[in-house]
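Here is a short set of exercises to work through with the model open in your viewer. Try each task before you read its solution.

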Amino acid sequence: MVERQLRRRGIEDERVLAAMEEVPRELFLPEDMRDRAYRDGALRIGEGQTMSQPWIVACMAQLLELKGDETVLEVGTGSGYAAAVLSRICGEVITIERFESLAEGARQVLSELGYDNVEVRVGDGAKGAPDRAPFGGISVTATALDAPPAPLFEQLAPGAALVCPVDRAGRELLMRYRDGQEEAIVPVRFVPLVADEP
Ligand code: SAM
């Protein structure tokens, strides 16, 4: 996976590659999906949600340009796999999931693996985690309509990146936002970000 799907397709951050090598992707999947864990695609994890393709997980982690001591916010815990990868390359991860069942599953695997620098919360990640801000990076793993939720920008440290898929007029693009600048990275397909009313 690391050689064929990641390195050959432009993932070059050695810390990200090492994290992708280290984290056992299959353990974050329902048992009947485990034989497909290292395929080049997204996989079903229950509640109508998916674990992203390995390349997307690595690409989003690389785009954050982490040094190693940051607290990172992830919106959309899902299986907990991407949070596990992030936890290997930063100081701490706060990850938020809407579905209690997915959050509980993620908590269990992360704890079994001893990844104790990840805190899994249940709730509307569009509101972020103001009690732990500012974040040295924010990764949103569900598609926002037009732009990422405003509270996430307010919780971003100066110079830090927010990576988020955004739907613009029906076109889904992975975007990176930093210091008031935005950059379109690649067309993507994610599940929608379902935010509560403000
Ligand atoms: N990062 C995940 C992984 O590694 O398995 C993949 C996440 S999946 C593509 C997107 C997740 O975002 C889903 O589990 C979905 O329930 C969650 N989600 C959608 N809207 C949300 C919101 N407002 N707050 C928190 N989680 C949300």
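**Exercise 1.** Is Ala169 buried or exposed? Work it out, then look at the backbone there.

*Solution.* Keep in mind that this is a predicted model.
- Step one: Ala169 has a relative accessible area of 84%.
- Step two: exposed means over 50%, so Ala169 is exposed.
- Step three: find Ala169 in the loop between strand S8 (161-168) and strand S9 (171-178).
- Step four: check the backbone, where phi of Ala169 is near 50°, a positive value in a residue other than glycine.

**Exercise 2.** Glu47 is another residue to check for its phi value. Place Glu47 in the chain and classify its accessibility.

*Solution.*
- Step one: Glu47 belongs to the loop between S1 and S2.
- Step two: its phi is near 60°, which is positive although Glu47 isn't a glycine.
- Step three: Glu47 has a relative accessible area of 40%, so it counts as partly exposed.

**Exercise 3.** Sort Ala42 and Asp146 into buried, partly exposed or exposed.

*Solution.* The cut-offs you need are under 20% for buried and over 50% for exposed, with partly exposed in between.
- Step one: Ala42 has 51% relative accessibility, so it goes down as exposed. Look for Ala42 in the loop between helix H2 (14-22) and strand S1 (43-46).
- Step two: Asp146 comes in at 49% relative accessibility, so it is partly exposed. The loop between strand S7 (144-145) and helix H6 (150-154) holds Asp146.
- Step three, for a feel of the distances: Ala42 and Gly170 are 128 residues apart in sequence, and their C-alpha atoms are 20 Å apart. Asp146 and Thr95 are 51 residues apart along the chain, with 22 Å between their C-alpha atoms.

**Exercise 4.** How many residues of helix H3 (residues 54-63) are buried? Say what that tells you about the helix.

*Solution.*
- Step one: go along H3 and tick off the buried residues, among them Trp55, Ile56, Met60 and Gln62.
- Step two: the tally is ten of the ten, so H3 is largely enclosed by the rest of the structure.
- Step three: go on to Glu65, just after H3, which takes a positive phi of about 45°.

**Exercise 5.** Which peptide bond leading into Pro134 is cis?

*Solution.*
- Step one: go to the loop between strand S5 (118-122) and strand S6 (137-140), where Pro134 is found.
- Step two: read omega for the bond from Ala133 to Pro134; at near 5°, this bond is cis.

**Exercise 6.** Describe the ligand's surroundings, from the pocket down to single atoms.

*Solution.*
- Step one: the ligand sits in the largest pocket.
- Step two: 24 residues surround the ligand, and Ser79, Glu97, Asp124, Gly125 and Val194 come nearest.
- Step three: split the shell by type, and you get eleven nonpolar, nine polar and four charged residues.
- Step four: S2 (49-51), helix H4 (81-87) and strand S4 (92-97) each supply at least two shell residues. S2 gives the most, with three.
- Step five: pick out polar contacts. A polar side-chain atom of Glu97 is 2.6 Å from a ligand oxygen. A polar backbone atom of Gly125 lies 2.8 Å from a nitrogen atom of the ligand. For Thr141, an N or O atom in the side chain is 3.4 Å from a ligand nitrogen.
- Step six: taken alone the ligand exposes 600 Å², and the protein buries 99% of that.

Conventions: Residues numbered from 1 in each chain as written. Predicted model: local features only at pLDDT ≥ 70, side-chain atom pairs only at ≥ 80, totals over all residues. Heavy atoms only, no water. Near = heavy atom within 4 Å. Polar contact = N/O pair within 3.5 Å; in protein donor to acceptor, adjacent residues only side chain to side chain. Areas by Shrake-Rupley, 256 points an atom, 1.4 Å probe, with all protein chains shown as cover. 1 Å grid on protein atoms, 1.4 Å probe; cavity = no way out; pocket = protein on both sides within 12 Å on 5 of 7 lines; lining within 4 Å. Sits in = over half its atoms within 2 Å of the grid points. Helix = DSSP H or I, 4+ residues; strand = E, 2+ residues; numbered from the N terminus. Nonpolar A, V, L, I, M, F, W, Y, C, P; charged D, E, K, R; others polar. Buried < 20%, exposed > 50% of the residue type's maximum accessible area, 1.4 Å probe, protein only.
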